[in-house]
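Me: Take a close look at the side-chain pairings in this model and tell me which partners meet and how buried they are. I work with force fields all day, so give me the cut-offs along with the contacts.

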Amino acid sequence: MTVNSETTHQFAELALAALKKTGLAATPRNYELWYAHVEGKNPSLSAHIQKAMDSSGKVTQEKADLLYKKLIQHSDISNDVIDLMTRFHTEVTDLYDLVEQTGENAQGHTEKLSDISDQLRDSSEKYPAVGALLEGVISVAKTMREENKYLEDRLAASIEEVNTLQRDVEAIQREAMQDALTGVANRATFDRSLEKHMSEATENGEPLALVLGDIDHFKKFNDTWGHQTGDQVLRLVAEVMNANVKGMDLLARYGGEEFAVVLPGTTLENARKLADRIRSAVESRRLRKRRTDEDLGVITMSMGVAQLSGSDTMEALIDRADSCLYAAKSAGRNRVCDEKELKSPDAETRQGVA
């Protein structure tokens, strides 16, 4: 019967599997003995192996050595061939362990096996069992390498897919934290950030200030020029304000035409200076209608500034900044009011200011 590479591969796999079941090490002698057994050309050998097995299917190394000497061993095998087979065994063992335990690329070991196979080729013609074993294990090694490459490719594809999903998740998270119109933080992000920074400021004994700003006469822009122009005003104000906040500062759209700036590590005095700088920067920009380039006039903002005190809740700090904002509105708009100069307006005055 002509033994093709596929058949040889199958025999080699069967021999390796059978060795594992018997509990024997995958030495060159044991390879050759079990390869001859699974090949089925030596019925006497197979019968002796069955007798050598205990009730659990195990075979001792001592019994295997006796079977090899009695039924397999060739007294004229040269020391060179034995040395090559020993090296061959080492490479096969390393290859198997590498792929089974780590899944790393087996290319280096299969190249060594190929080199040894060239040296064994002449000997394999003289000793058919050696040749069959050689071709079988080389075939197994090649298959393992191909399968390992497939797994590597799949792993690389999976990693790329995970990275893509991570980028998508990050984009979704950013969208969930941003105001869709202006691109700055939204109200939910503002609430979380203010609560966090208040807690840290209280714990570390550091200052924290809050600025609330409102676009003056915003309703007039909407009523006169339409909501698209109103949206343009909001985007412009957000752009100017964002250019003036840095580091840990957080700019958020608080609601409607109102914006908030959380300023960790900032005193009331410095927060007021920043608020006035923002107010001045907004006032310096003239708004023009995009389609017609029509001059829509100057945008102004009123700003209220408060600083965290030891007893403040988040609601108390916001309410104090809001009172400062309405005081700035009541005083004529386009100005900054901080809590030091705050005079609480009555309910009617606050209700009438817009």
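Reply: Burial first, since it comes up all the way through: a residue is buried at under 20% relative accessible area, exposed at over 50%, and partly exposed in between, using a 1.4 Å probe and protein chains only. The model is predicted, so local features need a pLDDT of at least 70 and side-chain atom pairs count only at pLDDT 80 or more, while totals for chains, interfaces and linings use all residues. Residues are numbered from 1 along each chain as its sequence is written, and side-chain values use heavy atoms, with hydrogens and water left out.

Here's the backdrop. The chain has 354 residues, and 42% of them count as buried. It contains 13 helices and seven strands, taken as DSSP runs numbered from the N terminus (H or I, at least four residues, for helices; E, at least two, for strands). Contact means heavy atoms within 4.5 Å. Among the contacts with a separation of 6 or more, 67% are between residues 24 or more positions apart.

Now the charged pairs. Side chains of opposite charge can pair when their charged atoms come close. There are 14 salt bridges in the structure, each one a side-chain nitrogen of Lys or Arg within 4 Å of a carboxyl oxygen of Asp or Glu.

Start with Asp 179 and Arg 253, whose closest N and O atoms are 3.4 Å apart. This bridge ties together distant parts of the chain: Asp 179 sits in the loop between helix 7 (128-177) and helix 8, Arg 253 sits in strand 2, and 74 residues separate them. Asp 179 is buried, at 14% relative accessible area, and Arg 253 also counts as buried, at 18%.

Arg 272 and Asp 338 make another salt bridge, with 3.0 Å between the closest N and O atoms. Here too the partners come from distant parts of the chain, 66 residues apart, with Arg 272 in helix 11 (residues 268-283) and Asp 338 in strand 7 (residues 336-338). The burial is mixed: Arg 272 is partly exposed at 28%, whereas Asp 338 is buried at 9%.

Helix 11 also holds a bridge of its own. Glu 283 pairs with Arg 279, their closest N and O atoms being 3.2 Å apart. Because the two are four residues apart in helix 11, about one helical turn separates them. Glu 283 is partly exposed at 31%, while Arg 279 is buried at 13%. Elsewhere, Asp 214, Asp 216 and Lys 329 are joined into one network by salt bridges that share partners.

On to the rings. The structure has one aromatic pair. Rings of Phe, Tyr and Trp (its six-membered ring) pair if their centres lie within 6.5 Å, with planes under 30 degrees apart called stacked, over 60 edge-to-face, and the rest tilted. The ring centres of Phe 190 and Tyr 254 are 5.3 Å apart and the planes are at 90°, so the pair is edge-to-face. Phe 190 belongs to helix 8 (residues 187-204) and Tyr 254 to strand 2 (residues 250-255), so to speak a long-range link, with the two positions 64 residues apart. Both rings' residues are buried.

Helix 8 also carries His 197, which is buried at 7% relative accessibility. Setting aside neighbours within four places in sequence, His 197 touches Leu 208, Met 248, Val 262 and Pro 264.

What about the cysteines? A disulfide requires two cysteine sulfur atoms within 2.5 Å, and the count is zero. The sulfur of Cys 324 has its closest cysteine sulfur in Cys 337, 4.8 Å away, which is too far for a bond. Cys 324 is buried at 0%, and Cys 337 is buried at 7%.

Last, a helix pair. Helix 9 (residues 218-225) and helix 10 (residues 227-242) pack at about 145°, with axes 7 Å apart; axes are lines fitted to C-alpha atoms, over the stretch in contact for helices, and angles run from 0 to 180 degrees between N-to-C directions. From helix 9, Phe 218, Phe 221, Asn 222 and Trp 225 meet His 227, Thr 229, Gly 230, Val 233 and Leu 234 of helix 10.
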